Amino acid sequence: MKKLLQILFIFTFCVVYGQKNDLANKINLSIVLPEEDEMLSYNALSKLNSKTIQLLTYNEIVSGVNNSFVIYPSLVLGDSKIVETGLYAVHSVTMEFNYYIKNIESNTIFSSYTKQIEGTGKTEREAIANSISKLDVKDVKLTTFISTGKDKIINYYKNSCNQIIAKADNMALQGNYEDALSLLISVPSEVDCFSKAKQKALTIYKQYSTKKCQELILEAKSYLAQNDKESAANILATINPESTCKTEASQLLNQIEAKLNAQEKKEWDFMVKQDNDRVALEKSSIKAIRDICVAYYKKNPVTYNYIIR
């Protein structure tokens, strides 16, 4: 029987821990997994998530924030039987594994993969988990599946880059800075217009920083009113050196500078120094943009209909 599950996108940081830093700007896919139910145990889902991350890492795809493309598995329970062994009954299942890479905006499947795998266990759930553990992420067909999806995604960005930048501009004009930044940061480095999208993201980030700066100033003043100088200083240290309220932030910090410990003072001095270091500032801004995207999607998860049979 088909079962419709309402799930949440599972977003991880743009670069999975353990991956090389040079993958940061590569194609990234959001992983979508079903929720635990009577068929899929927590252990099975953990294995499925781990296998999917391994699959992407092996093929130099980043598991991270992307508001356009997802990779998701669909599991179909085929044959299920109980075999008596004498000591205890063994459950044997045949699972049909399906992987899809999909553009969620157009609802278009860019690539698909199917394979049947058998699994055994003391219970049907254990047998299903066992079948998941047998999935070989180095399977040639899986590599082809990823390669096909990657090529189509690159072509999508090549053909849509100008529209993406224009859409991000419109979002920023409406004050939807997080949406605009997440859209631009998803453009991979394999595409010619990557630099153009990055520069647009930096421009919009400055606009976002100006808006956010006033909120941070007010928050810092609130802590100062409570005589919590350490919290106020930590907030002020996060303000973008290129924001319009940098001077006001510096003035506030000067009021509490005597109360800062050596490490906090060192961190702030480093932030001020970055104002004269364009390369370091750009790298810091790009990281900040990724952090904004992650925080935004954690607060605003997207729902997706997922089918298990």
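Is Ile 185 buried or exposed, and at what relative accessibility? Here are my notes on the predicted model, starting with that residue.

1. **Ile 185.** This residue counts as buried because its relative accessibility is 15%, and the cut-off for buried is under 20%. You'll find Ile 185 in helix α4, which covers residues 177–185. If you want a distance to check, take Ala 197: 12 residues separate Ile 185 from Ala 197 along the chain, and their C-alpha atoms are 7.5 Å apart.

2. **The chain overall.** The protein chain has 309 residues, and 47% of them are buried. Its secondary structure comes to nine helices and seven strands. Contacts across the sequence are worth a look too: counting those with a separation of 6 or more, 71% are between residues 24 or more positions apart.

3. **The sheet.** Five strands form an open sheet with mixed pairing, and the order is β3-β2-β4-β5-β6. β3 and β6 are the edge strands; each has a single partner, so one side of each has no neighbour in the sheet.

4. **β2 and its two neighbours.** Strand β2 (residues 28–31) pairs in the parallel sense with β4 (residues 69–84), over two bridges. β2 also pairs in the parallel sense with β3 (residues 62–63), again over two bridges. For the register, put Asn 28 opposite Val 62 of β3 and Leu 29 opposite Ser 63 of β3. On the β4 side, Ser 30 has Val 70 as its bridge partner. As for the side chains, Asn 28 and Ser 30 point one way from β2, while Leu 29 and Ile 31 point the other way. All four are buried, and that includes the polar Asn 28 and Ser 30.

5. **The β4–β5 hairpin.** β4 pairs with β5 (residues 89–103) in the antiparallel sense, over 14 bridges. One opposing pair here is Phe 69 with Asn 103 of β5. Four residues lie between the strands of this hairpin, and Gly 86 takes a positive phi near 105°.

6. **The largest nonpolar core.** Which residues touch the most other members of this core? They are Ile 71 and Tyr 99, out of 55 residues in the core. Helix α3 (residues 140–173) supplies the largest share, with 13 residues. As general background, nonpolar side chains tend to be buried together in soluble globular proteins.

7. **Around Ile 71.** Leaving out neighbours within four places in sequence, the contacts of Ile 71 include Leu 29, Ser 30, Ile 31 and Val 32. Thr 52, Leu 55 and Leu 56 are also in contact with Ile 71, as are Tyr 99, Tyr 100 and Ile 101. Phe 145 and Ile 146 complete the list. Residues 145 and 146 belong to α3, and this helix lies across β2, β4, β5 and β6. The angle between α3 and β6 is about 160°.

8. **α1 against α2.** How are these two helices arranged? α1 (residues 42–58) and α2 (residues 124–133) pack at about 10°, and their axes are 9 Å apart. The two are therefore roughly parallel. On the α1 side the contact is made by Asn 43, Ala 44, Lys 47, Leu 48 and Lys 51. α2 contributes Ala 129, Ile 132 and Ser 133. By type, the residues of this contact are four nonpolar, two polar and two charged.

9. **The buried side of α2.** Ala 127, Ile 128, Ala 129, Ser 131 and Ile 132 are buried in α2. Among the elements covering the buried residues of α2 are α1, β4, β5 and β6 (108–121).

10. **A second core and Ile 217.** There is also a separate core of 14 residues, including Ile 217, Ala 232, Ala 233 and Ile 239. Ile 217 lies in helix α5 (residues 194–225) and counts as buried at 2% relative accessibility. Setting aside residues up to four places away in sequence, Ile 217 touches Leu 236, Ile 239, Cys 245, Glu 248, Ala 249 and Leu 252. The C-alpha atoms of Ile 217 and Lys 246 are 9.6 Å apart, with their positions 29 residues apart in sequence.

Key
Residues are numbered from 1 along each chain as its sequence is written. This is a predicted model: local features need pLDDT of at least 70, side-chain atom pairs count only at pLDDT 80 or more; totals for chains, interfaces and linings use all residues. Side-chain values use heavy atoms; hydrogens and water are left out. A nonpolar core is a set of buried Ala, Val, Leu, Ile, Met, Phe, Trp, Tyr and Cys residues joined through side-chain atoms within 4.5 Å. Buried means under 20% relative accessible area, exposed over 50%, partly exposed in between (1.4 Å probe, protein chains only). Contact means heavy atoms within 4.5 Å. Two strands pair if DSSP finds at least two bridges between them. Axes are lines fitted to C-alpha atoms, for helices over the stretch in contact, and angles run from 0 to 180 degrees between N-to-C directions. Angles under 35 degrees count as roughly parallel, over 145 as roughly antiparallel, 65 to 115 as roughly perpendicular and the rest as oblique.
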